Amino acid sequence: MFGKRSVGDVPTAAPAQPAAAPPAARVQAAVGAKPPMPQAPRAPASAPAAPPRAAAPSVSAPNPRMQASEPAEQTPEFRSEAYYRVKSTIFNALIETIDLAQLAQLDPESARDEIRDIVAEIISIKNVVMSIAEQESLLDDICNDVLGYGPLEPLLARDDIADVMVNGANAVFIEVNGKISKTGIRFRDNGQLMNICQRIVSQVGRRVDESSPICDARLPDGSRVNVIVPPLAIDGPTLTIRKFKKDKLKLANLVEFGSISPAGAKILQIIGACRCNVLISGGTGSGKTTLLNTLTAFIDPTERVITCEDAAELQLQQPHVVRLETRPPNLEGSGQVTMRDLVKNCLRMRPERIIVGEVRGSEAFDLLQAMNTGHDGSMGTLHANTPREALSRLESMITMGGFSLPPKTIREIIVAAVDVVIQAARLRDGSRRITQITEVLGLEGDTIITQDLLTYEIQGEDQNGRINGRHRGTGVGRPRFWERARYFGLEKELAIALDEAESA
Ligand SMILES: Nc1ncnc2c1ncn2[C@@H]1O[C@H](COP(=O)(O)OP(=O)(O)OP(=O)(O)O)[C@@H](O)[C@H]1O
Ligand SMILES: [Mg+2]
């Protein structure tokens with residue numbers, strides 16, 4: 001049955017309008033408008049000019065003729081003031097008319113149809129001048145507000161966006177092709193934004209408000225979401241979404257984008273296949289998780305792999321994968337399951353490889369222990385700007401985790417565990433590159449010795465500001481994992497790849 005409120009709305013058992021009631025009459029009763037005027041001629045979609053912009057429409061005006069938009073094409077990201085005014089009038093009338101509780105019981109398709117019917121009626125009663133195309137776009141927009149994530153919907157539907165960043169109701173930024181730009185999208189007010197944040201986090205059984213103002217969540221499509229609201233976020237609810245890419249990038253794509261050279265990709269493939277223990281290091285959004293995901297493609301399908309993540313982002317293609325996810329504390333502050341709990345538990349699950357989405361705390365110790373105790377080929381990412389910094393961050397994570405081991409012992413554990421560190425970076429032109437493939441050689445005194453196998457040299461930039469550079473082998477002919485590659489029958493391929501990398 002319809003989700004419209006009956007006339008003279010009684011909050012509890014008000015029966016819905018009989019289907020036979022003329023829809024316009026129902027809407028009028030609720031919006032308090034006069035009977036519909038004869039429909040104003042609609043401007044064709046490609047109308048060359050529109051009448052001057054109307055003053056802000058008022059619901060109580062007897063027969064306001066409202067102008068929805070400027071003649072120029074309006075994309076969801078760039079709408080005019082007039083559009084927002086009309087939308088807000090129609091939206092308010094809709095909210096008056098509709099019974100949200102009943103609407104919530106309909107399946108999304110019927111709810112959308114229902115809203116479309118009512119909005120079309122309101123538009124006709126209020127005599128809004130709109131082309132069919134504009135009306136369609138307004139209908140979509142309003143349906144998104146009522147049923148989905150409101151103004152975020154058109155952004156979530158785009159696959160070219162990597163991140164959506166909302167800093168309060170009037171500032172929405174996106175990242176496309178490594179570049180951040182501000183969109184014209186905005187929310188009615190911080191209240192609407194807060195409702196949408198609430199809607200997102202409630203789907204994973206959480207709540208966000210003044211008393212618990214920070215929350216991580218996930219959209220149904222897998223996108224990773226962080227919400228932080230006032231009083232911690234000073235300018236209004238702040239929402240950060242890392243969009244889930246349906247088609248994950250593969251190593252071949254990274255080669256195509258110039259993120260790594262073909263020879264470098266071959267070296268990475270061998271590193272993945274011959275079960276080296278790998279750390280992927282990089283800054284925020286530099287492509288660490290993507291790189292980790294591409295490396296997992298070279299894991300043998302017979303291996304049992306266990307992944308531990310804060311929000312499941314990895315998509316392994318192997319048949320034998322167990323995916324684990326951490327859990328934050330509940331509202332009473334209990335029930336937390338940390339990354340360390342997961343990694344420790346992994347060790348009892350007969351893993352052949354352990355993959356940790358992001359190493360950031362004391363779980364570093366357990367991961368290293370796992371790498372040292374027969375779980376070769378384990379991998380993890382961490383935030384650092386160089387491979388050397390990654391190793392010292394690992395050391396401080398262990399120290400700060402409360403393990404009272406002498407620094408030298410910690411370094412010995414690191415050196416014995418980690419074979420290769422791969423550095424990812426987002427360069428100033430927005431492109432993402434693998435800037436170093438570095439192997440850990442050993443300890444000399446108290447110092448960890450590393451050796452680069454491949455580096456990225458920046459050579460300059462073109463007239464469009466794009467950075468030119470090349471990946472270059474450093475001339476190492478026999479990396480430390482040579483024997484390992486030989487054991488897996490990959491030493492010839494490795495020799496060729498190293499040669500090619502050097503002569504690139
Ligand atoms: N080499 C690449 N070329 C182009 N786009 C890339 C590349 N690597 C990653 N991306 C895109 O960049 C975005 C961020 O990537 P990713 O999630 O892997 O970064 P991250 O370093 O793990 O970020 P965080 O620190 O937030 O976890 C994603 O949308 C991803 O598709
Ligand atoms: Mg990541």
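These legends go with a set of close-up views of a predicted model.

**View 1. Here we look at the residues gathered around ligand 1.** The shell holds 16 residues, and those that come nearest are Ala162, Ser259, Gly287, Thr289 and Thr290. Helix 10 (residues 288–296) gives the largest share of the shell, with 3 residues. Sorted by type, the shell has 8 polar residues, 4 nonpolar ones and 4 charged ones.

**View 2. Next up is the largest nonpolar core, with Val278 in the middle of the story.** This core counts 68 residues. Ile267, Val278, Val343, Leu367, Ile414 and Ile422 are the members that touch the most others. Setting aside neighbours within four places in sequence, Val278 is in contact with Ile271, Leu295, Met379, Asp419, Val420 and Ile422. As a bit of background, nonpolar side chains in soluble globular proteins tend to be buried together.

**View 3. This one shows an open sheet of 9 strands.** Read across, the strand order is 11-10-12-13-9-14-15-16-17, and the pairing is mixed. Strand 11 (321–325) and strand 17 (467–473) sit at the edges, each pairing on one side only. From one strand to the next, the twist averages 25°. Helix 16 (residues 491–503) packs on the sheet, where it touches strand 16 (447–461) and strand 17. The direction of helix 16 makes about 140° with that of strand 17.

**View 4. Zooming in on the sheet, we see strand 10 (residues 305–309) beside its partner, strand 12 (residues 353–356).** The two run parallel and are joined by 4 bridges. Look for Thr307, which stands opposite Ile355 in strand 12.

**View 5. Leu342, a residue of helix 11 (residues 339–346), takes the spotlight here.** Is Leu342 buried or exposed? Leu342 counts as buried because it has 22 C-beta neighbours inside 10 Å, and the cut-off for that label is 20 or more. Not counting residues up to four places away in sequence, Leu342 touches Cys308, Leu324, Thr326 and Val337. Ile306 is 36 residues from Leu342 in sequence, yet their C-alpha atoms are 9.9 Å apart in space.

**View 6. Last comes helix 12 (residues 363–372), largely enclosed by the rest of the structure.** Why say enclosed? Because 8 of the 10 residues of helix 12 are buried. The buried set is Glu363, Ala364, Phe365, Asp366, Leu367, Leu368, Ala370 and Met371. Their cover includes helix 11, strand 12, strand 13 (379–383), helix 13 (387–400) and helix 14 (407–417). After helix 12 comes Gly374, with a positive phi near 90°.

Conventions: Residues are numbered from 1 along each chain as its sequence is written. Chains are lettered from A and ligands numbered from 1 in the order in which they are written. This is a predicted model: local features need pLDDT of at least 70, side-chain atom pairs count only at pLDDT 80 or more; totals for chains, interfaces and linings use all residues. A residue is near a molecule or strand if its C-beta atom, placed from the backbone, lies within 6 Å of it. Ala, Val, Leu, Ile, Met, Phe, Trp, Tyr, Cys and Pro count as nonpolar, Asp, Glu, Lys and Arg as charged, and the others, Gly among them, as polar. A nonpolar core is a set of buried Ala, Val, Leu, Ile, Met, Phe, Trp, Tyr and Cys residues joined through C-beta atoms within 7 Å. A residue is buried if 20 or more other C-beta atoms lie within 10 Å of its own, exposed if 12 or fewer, and partly exposed in between; C-beta atoms are placed from the backbone. Two residues are in contact if their C-beta atoms, placed from the backbone, lie within 7 Å. Two strands pair if DSSP finds at least two bridges between them. Axes are lines fitted to C-alpha atoms, for helices over the stretch in contact, and angles run from 0 to 180 degrees between N-to-C directions.
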